[in-house]
Amino acid sequence: MDTTYAIRLIPRQIEPPLDVNWLAEWFGVELEIRPLPKKVAGVYLRTDTGAHIILNSSDSPERQRWTTAHELAHHIFCIGRQSPNDAFKIKTDSDDSAEDLCDRFAAEILMPASLVRKKAAEVKHGRFDKTALLANMFEVSIIAMRIRLRDLGIS
Ligand SMILES: [Zn+2]
């Protein structure tokens, strides 16, 4: 399944920010916030009781949203490939292309291209930085929004 197809499965978003917690629930994934090692933003695992995403309690809400979207991609793209007996299968960050795909998915669902373009055109340049305003609107980090704007060719 590619990103475009996966995104078509998601109910169309009219206004930012995306309710990522609701989306996780929609996909049947339970979210948990727990202390995790500093370098671990999140963990996706499937157990006999279902699919879980564990978020690092030390991370900012924006970072947790990104992690949820990223781990959700692991859930969506890997669904059906794991046997039900494959309990506690933890996705590691060893496969770079899978990681890229999950990051692209996260960017596309948290900052849908058409919505970012629309809001970027509406935002008035004033005292505030456009990237910061959009980041705040979409509830993502400024860095994530800066990369997204660059990728979309919006400056
Ligand atoms: Zn990952």
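# Worked exercises on a predicted fold

Set aside sequence neighbours within four places, and alanine 106 touches Trp66, Ala69, His70 and Ala73. Keep in mind that you're looking at a predicted model.

**Exercise 1. Work out where alanine 106 sits in the bigger picture, starting from its contacts.**

Step 1: Look for the largest nonpolar core, which has 27 residues. Ala106 is among the residues with the most contacts inside this core, along with Ala69, Leu110 and Val140.

Step 2: Ask which elements feed the core. Those giving two or more residues are α2 (20-26), β3, α3 (61-78), α4 (96-110), α6 (130-138) and α7 (142-151). The top contributor is α4, with 6 residues.

Step 3: Go back to the contact list. Ala69 shows up there as a partner of alanine 106, and Ala69 is also one of the best-connected core residues.

**Exercise 2. Sketch the strand pairing around β3, and say whether its partners run parallel or antiparallel.**

Step 1: Take β2 (residues 42-47) and β3 (residues 50-56). They're joined by 6 bridges and run antiparallel. The link between them is a hairpin of 2 residues.

Step 2: Check the register. Glycine 42 faces leucine 55 of β3, and tyrosine 44 is opposite isoleucine 53.

Step 3: Now the other partner, β1 (residues 29-34). Here too there are 6 bridges to β3, but this pair is parallel. Glutamate 30 is the residue across from histidine 52.

Step 4: Finish with burial. β3 is largely enclosed by the rest of the structure, because 5 of its 7 residues are buried.

**Exercise 3. Decide whether tyrosine 44 is buried or exposed, and which face of its strand it belongs to.**

Step 1: Place the residue: tyrosine 44 is part of strand β2.

Step 2: Count neighbours. Tyrosine 44 has 22 C-beta neighbours inside 10 Å. The cut-off for buried is 20 or more, so tyrosine 44 counts as buried.

Step 3: Split the strand into faces. Gly42, Tyr44 and Arg46 make up the covered face of β2, while Val43, Leu45 and Thr47 are on the uncovered one.

Step 4: Look further along the chain. Leucine 72 comes 28 residues away from tyrosine 44 in sequence, and their C-alpha atoms are 7.9 Å apart.

**Exercise 4. Describe how α6 and α7 pack, and which residues meet there.**

Step 1: Start with the geometry. The two helices pack at about 110°, and their axes are 9 Å apart.

Step 2: Classify that angle. The roughly perpendicular range is 65 to 115 degrees, so α6 is roughly perpendicular to α7.

Step 3: List the residues. From α6 you have Thr131, Ala132, Leu134, Ala135 and Phe138; they meet Ile142, Met145, Arg146 and Leu149 of α7.

**Exercise 5. Zoom out: summarise the whole chain and find where the prediction has low confidence.**

Step 1: Tally the elements. The chain has 7 helices and 4 strands, in the order α-α-β-β-β-α-β-α-α-α-α.

Step 2: Look at burial and contacts. Of the 155 residues, 27% count as buried. Among contacts between residues at least 6 apart in sequence, 61% link residues at least 24 apart.

Step 3: Check confidence. Mean pLDDT is 84, with 81% of residues at 70 or more. Over residues 79-93, though, pLDDT stays under 50, and the model has 14 contacts beyond four places in sequence for that stretch.

Conventions. Residues numbered from 1 in each chain as written. Predicted model: local features only at pLDDT ≥ 70, side-chain atom pairs only at ≥ 80, totals over all residues. Buried ≥ 20, exposed ≤ 12 C-beta atoms within 10 Å, placed from the backbone. Pairing = 2+ DSSP bridges. Core = buried A, V, L, I, M, F, W, Y, C linked by C-beta atoms within 7 Å. Contact = placed C-beta atoms within 7 Å. pLDDT = per-residue confidence, 0-100. Axes fitted to C-alpha atoms, helices over the stretch in contact; angles between N-to-C directions. Parallel < 35°, antiparallel > 145°, perpendicular 65-115°, else oblique.
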